[in-house]
Structure formats: structure tokens, C-alpha cells
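Here is a friendly walk through one model, written for someone who likes to check coordinates. Have the viewer open and follow along.

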Amino acid sequence: MSSESDGDEDGSKKSPVDLKKRRLDTSIKSNDVDKYKPYSKPDYKRSYPDNSNKEEFPVYVQGIKPEDKIGNKNPLQLSKIFKNVKGIKECRRINAAKIMLVFKQAAAANDFLSHVSLRDNNMKAFVPASSVERVGKIRFIPKECSNADLYHKLMADSEIVGVRRFMKRTGDGLEPLTTISVTFVGTVLPQYVYLDNWRYRVFTYIPPLMQCFKCMGFRHSAKVCRNDQVCSKCSGGHSYKECSAEFLKCVNCGGDHLAVSRFCPQKAAQIKKHENNYSSKMYSTVLLSSDFPPLLPNDKSVVKLAHNKLAPSTVQPKKQKLSQNSSHSSTAVQSAPSNIGSYDQLIKDDQFLSKIIKTLVMLGNSNTANTTAHIKEILIQNLTK
Ligand SMILES: [Zn+2]
Ligand SMILES: [Zn+2]
Ligand SMILES: [Zn+2]
């Protein structure tokens, strides 16, 4: 639906925003350019809260110039650059463009963001978005509200640091939609936001699946791609711009469509996998993080169970294919109470676990008292959705 992405996990906010601005410039009226430009809190920079007691505080480092592939540099040479940085627990290579320094303390990680070694070596450091922010999707927001207005008027339990309106590409440009994405500080998405006394439900925003424009593979960008160039039209070893083929052949599935087509069965399967993985990753981050708000005393055993049993299994790579319809998991639920053996089945069912975890997160997030009846109602609602 949305043609825009706000997955700026890598902190490279500049180029996508510039790109969007340029697209907007050529399409919609000039006074609408600012109205629908993604809005961020002025001078906002991601950092770790001082009182956070997580076990590690990752910070990404990359070159200021995109062609500086610091992930490909000699680790010994990089260690030398950061030898005066305090509190580093370990270093990791992420990809050709990026490395990660993991700190033991929030303050050390925050201090490093403006460390002199970065400036001296043309590097920049930033806190990964997934460590300190959550992005929610909100529907039915009137189109006349600008992103800046929304930023000032929206009320929520968590601080808002960014607002974007989803735009649809049409024949003659971009058209605003009634869905927006809102970036909140913290690792738990608020359940609702308020706009002029109206309560809106906040849904988890899942960024679009990344597809490489060089090799047509998934989950990486052309910027870091080490594969050979593949044509998105005929799957030959050239760019689509130089393609003279009269036929279409998708490199991923062999079908007669473009490799970027959303009708590609291979791509559809990848999108489904991506969405499941993303949800599991977010829920497990929340459950394993000590920023997770405490539930009422009676519910502590449930959280404990989540920590011990549920969370690790959602982190592990999944071999099992997830089914789209929920009938499988809901029949499993019905048979569970009378049959202890079937718990084994349930624990292996990722979709079922995601729904349980989602319920825990929603309950932990809500301000209302969680009576058993209320908990049961939400659980059933989530399981039968
Ligand atoms: Zn690639
Ligand atoms: Zn071609
Ligand atoms: Zn295909």
C-alpha cells in the first residue's frame, strides 16, 4: 500500500528524505511539500536512556561517505582508531558499510556518539533504531493534517519523535493516504494515541522487505551487494536499462514477470517470512528487555513463563512454515486443556507463540486494571484474529 519506507535502522536518514522531497517536489503542489514531508522532532538524536539497565548497548559506525566501506577494513586497524574509546565490550562486523561497537553502559555508548575519533576518521555513529524506538501505524487520520501539526497535537504514553504520512504513487505524482506512521521513544509501542479527543489504535508498522536492485535478491541493498548484476526484466547479466530482450523472466522464480513484481510467488513468500520474522524480533526484544513495563502482581508468573519459555523460541531461526489462516492454532488451543501432550505442539507453533506474546505486550502496555476476564478476552481476540 505505501510506497514509502521509514525503516531507517541504519540512521542514513538523509538520502531517503531527500529522495522523497524530490519526488514530492515534482508531483504535488509546492505548499503541500512541507505538509507531507516526514516530520522529526527538531534536533532529535537517538540515545540510550540513562536509567536503562540492559546488558548491552550497541552503536553502529559507518563512513560519512557511502563509498567508505569501513566493514571491509582491517579489524586491527579499526581497533587502533577506537583505542581511546572507553567501555567497549565487543566489536562486530555488520556488513561492508557498517560495524557495531557494543558498550557495557548506556552513558559510555552515548558519550561515544560524539567521540573525537569519529570526526578524525570521517565516521559517524548512531544508536540502532530498534534499540530505542518503535514505529506504529495509525489509520483514518484526516488528510488535511500536516505531519508537523500531527507531531504537535498527537498525545500518547510514549514520547513521539517522528510522523510520516503514507503516500500512494499515482499517474501524476503522489497522493496522501489516511494512514500515518509514528515513531515513539521506547521499546514498547503504546496501544493508543489521541488526536483532538479521538482515540486511535496503534498497530505495529512493518517496514517493507528490502530487495536489491543489483542482484534482485532480498534483505540487502545494492550498496552492500557482492553478487553479480542481474537484469530485472530478462534475468541476464546486465542492467534492465540495457535490456533488449522481448520476454520477461524473473531471476528468482523463472516466471514471466519482472523480478520486482509483487505478483512473484517467490517474493510473496519472502514478504510473508519477513513480516513474521519482524514481529517475532520486536516482541522478543520487548520481552527480553528490562524496559518492559511491569504487569500487575498476579500476572508476574505469566511474564516469567514468557522469559523462560516463549521468548527464546521466537528468537531461534524458524524452519517451520507459518500458515496464514489461524484455524490451525485455534484448534490447537481448544484441545490443549484436556491434553497435556499437545502443549509440545503449541510451543512449536510460532504463530501461536507470537499471538501469546502480543497479548502479553498489550496487557503490559495497557493502563487499565487487568482482570482475569479482561486478559482472557484479549487473549481470545488475538488468537482468533
Ligand atoms: Zn544484491
Ligand atoms: Zn535483460
Ligand atoms: Zn518471480
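## The site of zinc ligand 2

Cys-243 has a relative accessibility of 17% and therefore counts as buried, the cut-off being 20%. Since this is a predicted model, please read that value, like the others below, as computed from predicted coordinates. Cys-243 is one of the protein donors of the zinc ion (ligand 2), which is coordinated through SG of Cys-231, SG of Cys-234, NE2 of His-238 and SG of Cys-243, at 2.1 to 2.4 Å. Along the chain, these donors follow the spacing C-x2-C-x3-H-x4-C.

The geometry is easy to classify: the 4 donor atoms of the zinc ion (ligand 2) make angles of 102 to 117 degrees, and the site is tetrahedral. Burial varies among the donors. Cys-234 has a relative accessible area of 11% and is buried, whereas His-238, at 24%, is partly exposed. The 20% boundary is why Cys-243 at 17% falls into the buried class, while the 24% of His-238 puts that residue in the partly exposed one.

## The site of zinc ligand 1

Which residues hold the zinc ion (ligand 1)? Its protein donors are Cys-212, Cys-215 and Cys-225, each through SG, together with His-220 through NE2, and they lie 2.0 to 2.3 Å from the ion. Here the spacing along the chain reads C-x2-C-x4-H-x4-C. The arrangement is tetrahedral because the 4 donor atoms around the zinc ion (ligand 1) subtend angles of 104 to 115 degrees.

Cys-212 and Cys-215 are both buried. For Cys-215, the relative accessibility is 10%, so the residue counts as buried.

## The site of zinc ligand 3

For the zinc ion (ligand 3), the protein donors are SG of Cys-250, SG of Cys-253, NE2 of His-257 and SG of Cys-264, at distances of 2.1 to 2.3 Å. The spacing of these donors along the chain is C-x2-C-x3-H-x6-C. Cys-250 and Cys-264 both lie in the loop between β11 (203-204) and α8 (265-288), so this pair ties together parts that are 14 residues apart in sequence.

The angles among the 4 donor atoms of the zinc ion (ligand 3) run from 94 to 116 degrees, and this site is tetrahedral. Cys-250 and Cys-264 are both buried.

With so many cysteines named, how many disulfides does a search of the whole structure find? The search returns 0 disulfides.

## The sheet

Now to the strands. An open sheet of 5 strands is arranged in the order β1-β7-β8-β6-β11, with antiparallel pairing. At its edges stand β1 (39-40) and β11, each with a single partner strand, so one side of each is left without a neighbour in the sheet.

Strand β8 (residues 173-185) is a good place to look further. It is mostly covered, with 10 of its 13 residues buried. On one side, 9 bridges join β8 to strand β7 (residues 160-170), and the two run antiparallel. β7 and β8 form a hairpin with 2 residues between them, and Ser-181 in β8 is the bridge partner of Arg-164. β8 is also joined to strand β6 (residues 133-138), by 6 bridges in an antiparallel run. Two examples fix the register: Val-135 stands opposite Thr-183 in β8, and Glu-133 has Val-185 in β8 as its bridge partner.

## Aromatic contacts

Across the whole structure, a search finds 6 aromatic pairs. Among them is the pair of Phe-103 and Phe-112, with 5.4 Å between the centres and 35 degrees between the planes, which is tilted. Phe-103 and Phe-112 are both buried, and they belong to one aromatic cluster with Phe-82.

If cation-ring contacts matter to your force field, there are a couple to inspect. Lys-98 lies over the face of Tyr-60, at 4.4 Å from the ring centre. Arg-199 has its charged end over the ring of Tyr-192, at 3.7 Å from the centre of that ring.

Notes. Residues are numbered from 1 along each chain as its sequence is written. Chains are lettered from A and ligands numbered from 1 in the order in which they are written. This is a predicted model: local features need pLDDT of at least 70, side-chain atom pairs count only at pLDDT 80 or more; totals for chains, interfaces and linings use all residues. Side-chain values use heavy atoms; hydrogens and water are left out. Donors are N, O and S atoms within 2.8 Å of the metal (3.2 Å for Na, K and Ca); water is not among the atoms, so sites may look incomplete. Four donors count as tetrahedral if all angles lie between 85 and 135 degrees; four count as square planar and six as octahedral if opposite donors are over 155 degrees apart and all others between 65 and 115; anything else is irregular. Helices (H or I, at least four residues) and strands (E, at least two) are DSSP runs, numbered from the N terminus. Buried means under 20% relative accessible area, exposed over 50%, partly exposed in between (1.4 Å probe, protein chains only). Rings of Phe, Tyr and Trp (its six-membered ring) pair if their centres lie within 6.5 Å; planes under 30 degrees apart count as stacked, over 60 as edge-to-face and the rest as tilted. A charge sits over a ring if NZ of Lys or CZ of Arg is within 6 Å of the ring centre and within 35 degrees of the ring normal. A disulfide is a pair of cysteine sulfur atoms within 2.5 Å. Two strands pair if DSSP finds at least two bridges between them.
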